[in-house]
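Here are my notes on the model you sent over. I went through the sheets, the helices on them and the space inside.

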Amino acid sequence: MSFFTSLIRDLTERGHIVDIAANESGSEVADCYREWGCKIYPLSCSRSPLKIDNLKAVNQIRHIAEEGQYDVIHCHTPIAAMCTRLACRSARKKGTTVIYTAHGFHFYKGAPLKNWLIFYPVEWICSYWTDILITINREDYARAQKHMHAKRVEYIPGVGIDTKLFSLNSVEKEKRKEFRLSMGVGEEDTLLLSVGELNENKNHSAVIRALAQLKNPHIHYAIAGVGDLQDSLINLSKELKLDSRIHLLGFRTDMPDLYKAADVYIHPSFREGLPVSLMEAMASGLPCIASNIRGNRDLLEDKRLVEPSDISGFAKKIEEFTDRDFCRTVGIENKSRINKFDHLEINRQISALYNEKRHAV
């Protein structure tokens, strides 16, 4: 729910009633929502489509919808959205509008066969019970228009970011220097940064292997995030004799400062919807390298993209981005490109959909 703070604050300040239903295991709903008068309803739905808890969630959501008599119900994530659309069939007949934001379909060009076998039929069936299907990247938008049966399909680019939060100013340059020195990174060195869970999909190992090809002792790589592959990445760094230049930063709450400390942002994932961290890096004025996949293509030009399995391609692109003057030019271009993804613009677009009803919930 942390992605929707700006939107929900704006709605409640304008007098709308907003309630939240979510599974809080592992990630509690922020206290600010309660302070704004939101009711918080616990759900038992799981990220796994085969869990019995999802059947319980359908009944829970049905009761919530009946009690609240909402004008709009907006659902997110595939399984929770499946449960919601199943539960709200009766509510729709009584006038409730059901909106679903697909934050990147699990089926996409190059996706594993099991994703197509499990998630495509679910989304196809549930689209019949969807009034507005929002997609956040162009590839999903085209597929939804062609294959899904929602009353309307809309393209809204993500959940939005606070572009002002990530703008560089002179005071924060001192933090940049301190942070780099704490890792042994000099001002003349190039510091690459990735943000994301340490898992197979995020593909951090591709960047580590690319650095091994370059054999440039002045390039460092920092990764902010936690996950199951931490030990594997540490072992790979040692095996390639790069452990002094690979920095696993763990979970961080100081992302604006991290972006300002880096020279280049690199996002090598195999799958994304529309990556928030890449947008944040662009708003920070960082030059960016990314994998040539859905979502990334919505943000960067083709010449900044590399096939996710192309280690040599990443190595060549990293070497190109060690030129400071080139990076400065690219960074300025990125700041300009990202303005249309600002949270205020995204909130305006979502509110326009909500305002077709008297209230937004």
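**Notes on the model**

1. Let's begin with one strand pair: strand 5 (residues 132-135) runs parallel to strand 6, and four bridges join the two. If you want a spot to click on, take Leu-133, which sits opposite Val-153 of strand 6. Packed on the sheet here is helix 7 (residues 138-147), which touches both strand 5 and strand 6. The direction of helix 7 makes about 170° with that of strand 6. Keep in mind that this is a predicted model.

2. Now the sheet around that pair. Four strands make it up, in the order 3-4-5-6, with parallel pairing, and the sheet is open. Strand 3 (72-76) and strand 6 (152-155) are at the edges; each has a single partner strand, so one side of each has no neighbour in the sheet. From one strand to the next, the twist averages 20°.

3. At the strand 3 end, look for helix 4 (residues 78-87). Helix 4 lies across strand 3 and strand 4 (97-102). Relative to strand 3, helix 4 runs at about 150°.

4. There is also an open sheet of six strands, again with parallel pairing, and its order reads 9-8-7-10-11-12. Which strands are at its edges? They are strand 9 (246-250) and strand 12 (305-306), each of which pairs on one side only.

5. Within the six-stranded sheet, strand 7 (residues 190-195) and strand 8 (residues 219-224) pair in the parallel sense, with six bridges between them. One residue pair to look up is Leu-191 and its bridge partner in strand 8, His-220. Helix 9 (residues 204-214) packs on this sheet and touches strand 7, strand 8, strand 9 and strand 10 (264-267). The angle between the directions of helix 9 and strand 8 is about 170°.

6. Last, the empty space. How many cavities of 30 Å³ or more does the count give? The count comes to one, and the largest cavity holds about 40 Å³ of space. Its lining is made up of Leu-300, Glu-301, Arg-304, Glu-333, Asn-334 and Arg-337. Sorted by class, that lining has four charged residues, one polar residue and one nonpolar residue. For the general idea behind this kind of search: a probe the size of a water molecule, rolled over the atoms, shows where empty space is left.

Definitions and conventions
Residues numbered from 1 in each chain as written. Predicted model: local features only at pLDDT ≥ 70, side-chain atom pairs only at ≥ 80, totals over all residues. Heavy atoms only, no water. 1 Å grid on protein atoms, 1.4 Å probe; cavity = no way out; pocket = protein on both sides within 12 Å on 5 of 7 lines; lining within 4 Å. Points joined across faces, edges and corners; volume = space filled by probe spheres on them. Nonpolar A, V, L, I, M, F, W, Y, C, P; charged D, E, K, R; others polar. Pairing = 2+ DSSP bridges. Axes fitted to C-alpha atoms, helices over the stretch in contact; angles between N-to-C directions. Contact = heavy atoms within 4.5 Å.
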